Amino acid sequence: MLALPVAAESVRIALWHEALSRAGPGVLLRDLQRADPDLLALASHVRTADPDILVLTKIDFDARGLAARAFGDLIEEGRFTHIMPLRSNEGVRSGIDLNGDGWSGDPDDAHGYGWFPGQGALAVLSRYPINVHEAQTFNDMLWKDLPGTHILPSDIGHDVQRLSSGGHWVVPVSVGTGQLTLLVGHSGPPVFDGPEDRNGRRNLDELALWSRIIVQEKHQDLVFAANTNLDPRAGDGYRQAMAKFLSSGVFQDPLSDTPTAMWDDPGPMRVSYLLPSANLSVADARLWPLIPDTTHHLITLDIDLPSPGEP
């Protein structure tokens, strides 16, 4: 009897930067438990996209992942059996007056802009096992410690400022017979400063940190799932650095030159990226339409995994 070939398994990864964050700790969980209509609409949109792995880069953090799990259950109860909340530096106090207004309790006195620790963090929701104990974070690295740093000795907070604002995480997920390594993060915007360009320089170095992490992970099956807040062609910031990152050959760019955020001002821009490493087999990639009251597109990427026995 002729044996039929075994069909390759496909995994769909989704990235969404749409804000789930709320004004205080525990408020998001409360709203999820109440099935807030706005959150229901967001969950329904994700359900339509039908991802196997969902990366959120703007959800409030709690150590037990209760908010992330509640949002997953709002999408479809029992769908995402593996949840990993990822802390960020947003709202984590630096202890000093970074913005120079005379006191150290402002949101922009934190290592990443935020009113409370855990605001605007990240999470991975997955139907596949997350290798939690192998995950790494680079959130604690000081900006001044990055080789080639662009922090200046005159910058306020030179000795205490962390580089990562929204977070830099490496999250391995077991899929099929192998492993995908997700590079998950969110960088601060290169704007909202003055001619000193402090935010622009920090955004540039947050991208440089990703390049160093990628060198460390170069032999892995990688998926870059991050909001860099940097368009290679438009807007403020060091655009040429983003263009160089995209053209390095490490990643495929199936949605090249496609805006992911639809702002009236400064206009449509590409700030979120879902990029598979060059060795992966891409079946599909798309932006899903915006739904009312959203500005960021949900992005999905379909990867064909090798059939059992394939190299």
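User: Which strands does helix α4 lie across, and what makes that more than an impression from looking at the picture?

Analyst: In this predicted model, helix α4, which covers residues 198-216, lies across β5, β6 (167-175), β7 and β8, and its direction runs at about 35° to β6. Lying across them rests on contact, which is counted where heavy atoms come within 4.5 Å.

User: What kind of sheet do these strands belong to, and why are two of its strands called edges?

Analyst: Five strands form an open sheet in the order β5-β6-β7-β8-β11, and the pairing in it is mixed. The strands β5 (136-137) and β11 (272-276) each have a single partner strand, so one side of each is left without a neighbour in the sheet, and they stand at the edges.

User: How do you know that β7 and β8 pair?

Analyst: Pairing requires at least two bridges between the strands, and strand β7 (residues 178-186) is joined to strand β8 (residues 222-227) by six bridges, with the two running parallel. Within this pair, Leu183 stands opposite Phe224 in β8.

User: Why is Glu217 called buried, and where does it lie?

Analyst: Glu217 lies in the loop between α4 and β8. The limit for buried is under 20% relative accessible area, and Glu217 has 8% relative accessibility, so it counts as buried. Leaving aside residues up to four places away in sequence, Glu217 touches Gln136, Val170, Thr181 and Leu222. Glu217 and Trp169 are 48 residues apart in sequence and 12 Å apart in space, taken from C-alpha to C-alpha.

User: Why are α2 and α3 described as roughly perpendicular?

Analyst: The axes of helix α2 (residues 37-49) and helix α3 (residues 66-75) come within 8 Å and cross at roughly 65°. Since angles of 65 to 115 degrees count as roughly perpendicular, α2 and α3 are therefore described in that way. As to handedness, α2 passes α3 in a right-handed crossing. The residues making the contact are Leu39, Leu40, Leu42, Ala43, Val46 and Arg47 from α2, together with Phe71, Leu74 and Ile75 from α3.

User: What makes up the contact of α2 with α3 by residue class?

Analyst: The contact has eight nonpolar residues, no polar residues and one charged residue. Arginine is placed among the charged residues, and Arg47 of α2 is one of the contact residues.

User: Which sheet do α2 and α3 pack on?

Analyst: An open sheet of six strands, with mixed pairing, has the order β3-β4-β2-β1-β13-β12. Its edge strands are β3 and β12 (281-287), each of which pairs on one side only, and its neighbouring strands are turned by 15° against each other on average, with direction ignored. Helix α2 packs on this sheet by touching β1 (10-16), β2 and β13 (299-304), and its direction makes about 155° with that of β1. Helix α3 packs on the sheet too, touching β2, β3 and β4, with a direction at about 125° to that of β2.

User: What makes β4 a mostly covered strand, and which strands pair with it?

Analyst: Strand β4 (residues 121-126) is mostly covered, in that six of its six residues are buried. Ala121, Ala123 and Leu125 point one way, whereas Leu122, Val124 and Ser126 point the other way, and all are buried. In a regular strand the side chains alternate between the two faces of the sheet. Strand β2 (residues 53-59) pairs with β4 in the antiparallel sense over five bridges, and Leu56 has Ala123 as its bridge partner in β4. Strand β3 (residues 82-86) also runs antiparallel to β4, joined by five bridges, with Leu125 as the β4 partner of Ile83.

User: Why are Asp50 and Asp257 called partly exposed, and what is notable about their phi values?

Analyst: Partly exposed covers what falls between the 20% and 50% limits; Asp50, with a relative accessible area of 38%, is therefore partly exposed, and so is Asp257, with 47%. Asp50 lies in the loop between α2 and β2, and its phi is near 60°, a positive value in a residue other than glycine. Asp257, placed in the loop between α5 (239-246) and β9, has a positive phi of about 65° although it is not a glycine.

How values were computed: Residues are numbered from 1 along each chain as its sequence is written. This is a predicted model: local features need pLDDT of at least 70, side-chain atom pairs count only at pLDDT 80 or more; totals for chains, interfaces and linings use all residues. Side-chain values use heavy atoms; hydrogens and water are left out. Axes are lines fitted to C-alpha atoms, for helices over the stretch in contact, and angles run from 0 to 180 degrees between N-to-C directions. Helices (H or I, at least four residues) and strands (E, at least two) are DSSP runs, numbered from the N terminus. Angles under 35 degrees count as roughly parallel, over 145 as roughly antiparallel, 65 to 115 as roughly perpendicular and the rest as oblique. A crossing is left-handed if the near helix is turned anticlockwise from the far one by less than a right angle, and right-handed if clockwise. Buried means under 20% relative accessible area, exposed over 50%, partly exposed in between (1.4 Å probe, protein chains only).
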